[in-house]
Amino acid sequence: MIDLHYWPTPNGWKISIMLEECGLPYRCIPVNIGKGEQFRPEFLAISPNNRMPAIVDHAPADGGPAVPVFESGAILMYLAEKTGRFWSTQVRQRYQEMQWLMWQMGGLGPMSGQNGHFRVYAPEKVPYAIDRYGREVNRLYGVLDGQLQRTGAHVAGAEYSIADMAILPWIRLHTAYEIALDQFPHLQRWHDMLMQRPAVQAGLALLQELRTPITEEQRKVLFGQTADSVRASASTQQPHQK
């Protein structure tokens, strides 16, 4: 059994999709990031960066003690190695998939997150920031569209992989970023194709009903963190009683 510490966000969706695709049994443990549950001591023991998702694999391949993993890209690689699925064993193809996974982790995700923040969540609209991140996300969509034109199928080649699972949840939010997918026909084809997969639909639906507009108090929790506030929050939280 795998414990999935999760909230319905793009990074969370990557892992719920992967678990559904692999058919692995898992238990979803909600981490309400708007309420600060990511600062609970028992969660910090798994994810010291106080970010979800994180997993705990109670049946690792080596038969040893439970394995905790944080960071969504690392979790995808762990689950791919565990199951032998969605990550090629051939070195050239494997690194194609890894490159595009890193592209999402280092580029598309952070830039899309900043774009979404300044467009949707920032209390004051800052034209420079909206323009800066909007242009960069537009550029990244163009890069991805070009790649999909070359492969004609999935992001890293003919086969569906963890690279696709990492990227799709961020592209899914294109409307919030005010980007029309019809500008990127190869990207739109890929997006629409993957959205038809039953496991993708199930992964995206997990706790979807909890995605509600954030309150001012939640905004402070989500966007007001410093090293001192993280230490203070962690020190005052009591272990969650199940």
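Helix α4 gives the largest share of the lining of the largest pocket, namely 11 residues. I should say at once that this is a predicted model, and I shall return to its confidence later.

The pocket itself holds about 1400 Å³ of space. Its lining comprises 43 residues, and those closest to the centre are Thr9, Pro10, Ile33, Trp170 and Phe223. Besides α4, which spans residues 91-121, the elements giving two or more residues to this lining are α1, at 10-22, and α9, at 216-223. In character, the lining residues divide into 20 nonpolar, 19 polar and 4 charged.

Where does the largest pocket lie with respect to domain 1 and domain 2? Domain 1 is made up of 2-85 together with 203-236, while domain 2 covers 91-198; both give residues to the lining, and therefore the pocket lies between them.

Let me turn to the N-terminal part of the chain. An unreviewed UniProt entry places the feature "domain: GST N-terminal" at residues 1-87. In the model, this span is 33% helix and 21% strand, and its end C-alpha atoms are 21 Å apart.

Finally, the confidence. The average pLDDT over the chain is 92, and 91% of the residues score at least 70. At residues 238-242, however, the pLDDT is below 50, and this stretch makes 7 contacts in the model beyond near neighbours in sequence. Where pLDDT is low, predicted coordinates should not be read in detail.

Conventions: Residues numbered from 1 in each chain as written. Predicted model: local features only at pLDDT ≥ 70, side-chain atom pairs only at ≥ 80, totals over all residues. Heavy atoms only, no water. 1 Å grid on protein atoms, 1.4 Å probe; cavity = no way out; pocket = protein on both sides within 12 Å on 5 of 7 lines; lining within 4 Å. Points joined across faces, edges and corners; volume = space filled by probe spheres on them. Helix = DSSP H or I, 4+ residues; strand = E, 2+ residues; numbered from the N terminus. Nonpolar A, V, L, I, M, F, W, Y, C, P; charged D, E, K, R; others polar. Domains from an automatic or database assignment. pLDDT = per-residue confidence, 0-100. Contact = heavy atoms within 4.5 Å. UniProt positions renumbered as here; feature names shortened; annotations may be inferred.
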